[in-house]
Amino acid sequence: MKLLLLLFLIICSVTDIKYKKISLWLSAFFVIIGLLFRTFSDYTFYDTLVSVAPGIFLILLGVLCPSHIGLGDGIMILACGCTLSLFDTLFIIFTSCVLSIVYFFSYRLIKKAKCASVAFAPFLLTGYILLLITGRFL
């Protein structure tokens, strides 16, 4: 499942950078695969519900505030929550947010211009790679 999530985030990163969109079909497919994985492993329903909560929250936030966060970002985090624990999902979100803030301010310092929008998928990918490197799986 680790490699499948990595492949999913790589594809999402490429499409987010190139087209500023996340494939909802690919994301839905991966969410279903992740939920099936959780169903046939030793995760409880409560574990699954708690792990997908950040993704559900961000999807709702994306619906309520579409100019601030994209719906695709919430769906990608939901997909991460379907395969990872809550703490690992939160680690990826926190790392991604910190990296995107550093990028945003570095861009403003170097280019002396505002950044219209930032593709968030590459930062999620980087957060997941850092999770793989540090071995922070619970």
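**View 1. The length of helix 3 in this predicted model agrees with the span expected for its residues.** Because each residue should add 1.5 Å, the 20 residues of helix 3 are expected to span 28 Å, and the C-alpha atoms at the two ends of the helix lie 27 Å apart, which agrees. The model is a predicted one, and in it helix 3 has a kink of about 40° at A53, shortly before the proline P54.

**View 2. Helix 3 has buried residues that are covered by other helices.** The buried residues of helix 3 are T48, S51, V52, P54, G55, L58, I59 and G62, and what covers them includes helix 2 (24-39), helix 4 and helix 5.

**View 3. Helix 5, which runs through residues 86-111, also agrees with its expected span.** With 26 residues at 1.5 Å a residue, helix 5 should span 38 Å, and its end C-alpha atoms are 37 Å apart, so the two values agree. After helix 5 comes K112, a residue whose phi is positive, near 60°.

**View 4. The buried residues of helix 5 pack against three helices, namely helix 3 (45-64), helix 4 (71-83) and helix 6 (121-134).** The residues of helix 5 that are buried include D88, T89, I92 and I93, and T95, S96 and S100 are buried in this helix as well.

**View 5. A nonpolar patch on the surface is formed by M1, L4 and F37.** Together these residues have about 230 Å² of accessible area. M1 is placed in the segment before helix 1 (2-19), and because its relative accessibility is 32%, M1 counts as partly exposed, a class that lies between buried, under 20%, and exposed, over 50%.

Note on methods: Residues numbered from 1 in each chain as written. Predicted model: local features only at pLDDT ≥ 70, side-chain atom pairs only at ≥ 80, totals over all residues. Heavy atoms only, no water. Helix = DSSP H or I, 4+ residues; strand = E, 2+ residues; numbered from the N terminus. Expected span 1.5 Å × (residues − 1). Buried < 20%, exposed > 50% of the residue type's maximum accessible area, 1.4 Å probe, protein only. Contact = heavy atoms within 4.5 Å. Bend = angle between axes of the 7 residues up to and from the residue. Patch = residues over 30% accessible without salt bridge, like charges linked within 9 Å, V, L, I, M, F, W, Y side chains within 5 Å. Areas by Shrake-Rupley, 256 points an atom, 1.4 Å probe, with all protein chains shown as cover. Salt bridge = Lys/Arg side-chain N within 4 Å of Asp/Glu carboxyl O.
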